[in-house]
Amino acid sequence: MKIALMDSGNGLLAAAAAVHRLRPDADLVLSSDPDGMPWGPRAPEDIIAHALDCARSAAALAPDALIVACNTASVHALAAIRAELEPAIPVIGTVPAIKPAAAAGGPVAIWATPGTTGSPYQRGLIRDFAAGVEVTEVPCPGLADAVQYADSAAVNAAVAAAAALTPRNVRSVVLGCTHYELVAERIRAAVQPLLSPAVPRLTLYGSADAVAAQTLRRIGAAPAPAPAPDAAPSGRLTVLLSGREGSIDPASLTYPEGRSLVEAAAVRP
């Protein structure tokens with residue numbers, strides 16, 4: 001089994017790690033675009049062009065499925081990628097976990113990039129899945145870039161700024177950018193002390209686990225039994241950088257998700 005994931009940068013790590021947890025025997029292809037990132041500030045047609053290039057590079061390795069592990073690409077390019085690759089390769093997009101957060105009860109905060117915050121796309125998700133629930137959209141300028149480059153000081157500053165905009169009565173935060181899942185506990189640590197004492201432990205909602213599970217369902221695969229502690233790794237990892245085969249970005253190795261992929265997979269030379 002081979003699963004490909006694509007994103008402009010290391011936002012794909014959380015979903016890749018989730019797939020690996022479910023199927024440690026699966027070969028993974030990580031297709032990112034360091035030459036063209038970030039995608040967020042680009043015009044929609046430019047995002048589509050870069051996302052298609054990234055998807056084509058992954059598709060050339062004949063994966064069983066492709067995960068678009070990027071909210072921006074899912075908004076603008078998912079239809080174009082599906083039109084080109086399906087039905088030969090199932091394509092799974094990423095949607096912020098607004099529905100489960102709202103179902104658990106509000107108030108809810110949605111942390112997202114400035115371009116996504118207030119967008120018709122996000123407002124549509126709120127309308128469709130969180131009607132009647134108190135929802136606050138929180139822009140997080142600079143957070144995705146700080147996570148991408150593993151700039152700890154910049155991450156702390158961006159998280160603190162977003163935490164200051166988060167209402168004190170929220171029960172959950174939706175992580176509306178895949179990069180944010182890599183610093184989820186830092187987000188919790190910044191927001192929790194600011195909340196009202198009446199608020200229970202803050203719940204964070206990411207999309208990685210749901211996307212990984214949906215991917216296996218799409219290809220008719222079940223999660224594998226847990227491997228024996230002394231079992232040799234069987235899945236292989238291929239890294240594509242703007243279409244060129246390369247190595248995982250050193251910044252990605254600062255995150256447990258990145259280290260787990262390298263440590264538990266037989267990395268293709």
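**Surface, fold and cores of a predicted model**

Student: What is the accessible surface of the protein, and what share of it belongs to carbon and sulfur atoms?

Tutor: The area is obtained by the Shrake-Rupley method with a 1.4 Å probe. The model is predicted, with local features needing pLDDT of at least 70 and side-chain atom pairs pLDDT 80 or more, while totals for chains, interfaces and linings use all residues. Residues are numbered from 1 along each chain as its sequence is written, and side-chain values use heavy atoms, without hydrogens or water. The accessible surface comes to about 11400 Å², and the carbon and sulfur share is 58%.

Student: What percentage of the 269 residues is buried?

Tutor: A residue is buried under 20% relative accessible area, exposed over 50% and partly exposed in between, with a 1.4 Å probe and protein chains only. By this criterion, the buried portion of the 269 residues is 51%.

Student: Which helix gives the largest share of the largest nonpolar core?

Tutor: A nonpolar core joins buried Ala, Val, Leu, Ile, Met, Phe, Trp, Tyr and Cys residues through side-chain atoms within 4.5 Å. The largest has 50 residues, and Trp 111, Leu 143 and Tyr 180 are among those with the most contacts inside it. Helices are DSSP runs of H or I, at least four residues long, numbered from the N terminus. The largest share, 6 residues, comes from helix 1 (residues 13-22).

Student: Which residues are in contact with Leu 143, leaving aside neighbours within four places in sequence?

Tutor: Contact requires heavy atoms within 4.5 Å. With those sequence neighbours set aside, the partners of Leu 143 are Trp 111, Val 155, Ala 158, Val 159 and Tyr 180.

Student: How many residues are in the other core that lies apart from the largest one?

Tutor: This separate core includes Met 6, Ala 77, Leu 78 and Leu 240. Its residue count is 22.

How values were computed:
Helix = DSSP H or I, 4+ residues; strand = E, 2+ residues; numbered from the N terminus.
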